[in-house]
Amino acid sequence: MADRLWHTARHFRRQADDCRELGSPLYAGLLDHIAADLEGGGVSSDLLAEHPADRGDGLLPLRLMGGVHALVLSRQAPELALFYPSVGGTADPGADADLAWPALRDLLAGQADTIRPWLDRAPQTNEVGRGAALVGAMCQLAAVDDLPIRLFEVGASAGLNLRADRFHITGAGASYGDPASPVRLLEAWRGVRPPDVPLRVVERSGGDLAPIDPATTEGRLTLTAYVWADQVARIERLRGALAIAAAVPAQVRAENAIATVSRLTPTHGTWTLLWHSIFRQYLSQAERDALSTAIAAVGAAATPAARFAHVFLEPASPADGGFAEVIVTTWPGATRRRVGVAAAHGIPTTWLEEATT
């Protein structure tokens with residue numbers, strides 16, 4: 001048991017480093033405290049003893065913090081809420097994690113039964129900032145062939161980025177979309193200027209093993225809970241995307257990625273576009289291989305009049321959580337290009353070249 005908890009503590013310290021690098025000092029400090037508590041056999045040990053971090057995805061820290069944040073958001077953790085900016089609490093990067101730790105420790109002890117179910121859930125971080133990568137890639141495709149876009153997504157969560165064409169995005173000397181949009185991704189683009197072209201998204205559909213309905217109170221709570229509580233800009237983007245989702249329909253089915261891809265057929269006079277972001281880490285190698293085979297089969301059916309594109313934002317390697325690549329592959333021809341790089345949460349996205357084909 002001691003070895004298992006020590007191993008789990010390592011995962012928490014690793015996630016703390018990621019949070020620190022990605023601009024969440026509050027979570028970084030709290031995760032470090034949890035790691036020390038695990039190593040000392042504290043209250044975290046009782047809660048996490050039956051939930052080892054070696055299940056393969058390394059996401060136990062995010063599962064735990066999502067459950068904690070849900071309690072804060074639903075007003076069941078008033079002492080901890082004092083330190084959570086997502087509900088109006090203060091956030092002193094130099095001190096708040098140390099001050100907040102006693103409140104979190106008491107919550108882990110007193111609300112263990114409420115938090116425990118979250119430890120078995122895959123984090124549903126429907127990160128709106130990643131829409132910057134998707135929209136830029138769609139602009140490049142539209143510049144190549146000005147066709148309506150049928151947009152599909154695997155690992156779609158609540159399908160918020162299926163509405164990314166309704167966001168307002170600026171940067172790299174470009175401005176896309178309505179400045180009055182509830183989602184404003186300002187200075188989200190760098191590098192080569194994306195083409196200035198209108199987008200016509202005529203179909204929006206995706207799949208997820210456990211899709212979230214953004215129209216429900218429970219769905220909105222779940223999505224917000226997985227956003228790091230001291231990153232208020234991300235929370236504001238999420239709330240804006242929820243407003244767009246209420247006005248722009250999109251279908252997200254409860255299905256795995258292969259089932260979603262099996263529904264795709266290149267259609268005359270359109271781009272059929274498959275998209276995913278920070279998704280492959282949830283798949284085994286066998287599942288990744290099967291997905292690649294299924295995507296290639298869709299591409300093989302494409303023609304110059306019925307085009308297909310696969311666009312993704314994924315780490316260059318499973319161990320590289322600091323940045324991700326924007327890869328565009330188009331059919332017919334299976335032309336693959338690395339057109340950009342982005343932070344894990346999508347902002348900024350730096351464009352390297354246009355996806356000409």
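The exercises below concern a predicted model.

**Exercise 1.** Determine how helix H2 and helix H4 are oriented to each other, and which residues form their contact.

Solution.
- Step 1. Helix H2 spans residues 25-39 and helix H4 spans residues 60-73. Their axes lie 12 Å apart and make an angle of about 110°.
- Step 2. Angles of 65 to 115 degrees count as roughly perpendicular, and H2 and H4 are therefore roughly perpendicular to each other.
- Step 3. The handedness of the H2 and H4 crossing is right-handed.
- Step 4. On the H2 side the contact involves Tyr-27, Leu-30, Leu-31 and Ile-34. These meet Pro-61, Leu-64, Met-65 and His-69 of H4.
- Step 5. By class, the residues of this H2 with H4 contact are 7 nonpolar, 1 polar and no charged.

**Exercise 2.** Describe the largest nonpolar core and find the helix that gives the most to it.

Solution.
- Step 1. The largest nonpolar core has 51 residues. Those touching the most other members are Val-135, Met-138, Leu-151, Leu-160 and Leu-273.
- Step 2. The helix that gives the most to this core is H8 (residues 131-144), with 9 residues.
- Step 3. Take Met-138 and set aside its neighbours within four places in sequence. Met-138 is then in contact with Ile-149, Leu-151, Asp-165, Leu-199, Val-201 and Leu-273.
- Step 4. Another core, of 39 residues, lies apart from the largest one. Its members include Ala-103, Leu-104, Leu-107 and Leu-108.
- Step 5. As background, nonpolar side chains in soluble globular proteins tend to be buried together.

**Exercise 3.** Locate the cis peptide bonds that precede Pro-332 and Pro-348.

Solution.
- Step 1. The bond from Trp-331 to Pro-332 is cis, with omega near 5°. Pro-332 sits in the loop between strand S9 (323-331) and strand S10 (335-343).
- Step 2. Ile-347 and Pro-348 are also joined by a cis peptide bond, with omega about 0°. Pro-348 is placed in the loop between S10 and strand S11 (349-351).

**Exercise 4.** For Ser-157 and Ile-278, give the phi value, the loop, and decide whether each is buried or exposed.

Solution.
- Step 1. Ser-157 is not a glycine, yet its phi is positive, at about 55°. Ser-157 belongs to the loop between strand S1 (149-154) and strand S2 (168-171).
- Step 2. Buried means under 20% relative accessible area. With a value of 4%, Ser-157 is therefore buried.
- Step 3. Ile-278 has a positive phi near 45°. The loop that holds Ile-278 runs between strand S7 (270-277) and helix H12 (285-300).
- Step 4. The relative accessible area of Ile-278 is 12%, so Ile-278 is buried.

Key:
Residues numbered from 1 in each chain as written. Predicted model: local features only at pLDDT ≥ 70, side-chain atom pairs only at ≥ 80, totals over all residues. Heavy atoms only, no water. Axes fitted to C-alpha atoms, helices over the stretch in contact; angles between N-to-C directions. Helix = DSSP H or I, 4+ residues; strand = E, 2+ residues; numbered from the N terminus. Parallel < 35°, antiparallel > 145°, perpendicular 65-115°, else oblique. Left-handed = near helix turned anticlockwise from the far one by under 90°. Contact = heavy atoms within 4.5 Å. Nonpolar A, V, L, I, M, F, W, Y, C, P; charged D, E, K, R; others polar. Core = buried A, V, L, I, M, F, W, Y, C linked by side-chain atoms within 4.5 Å. Buried < 20%, exposed > 50% of the residue type's maximum accessible area, 1.4 Å probe, protein only.
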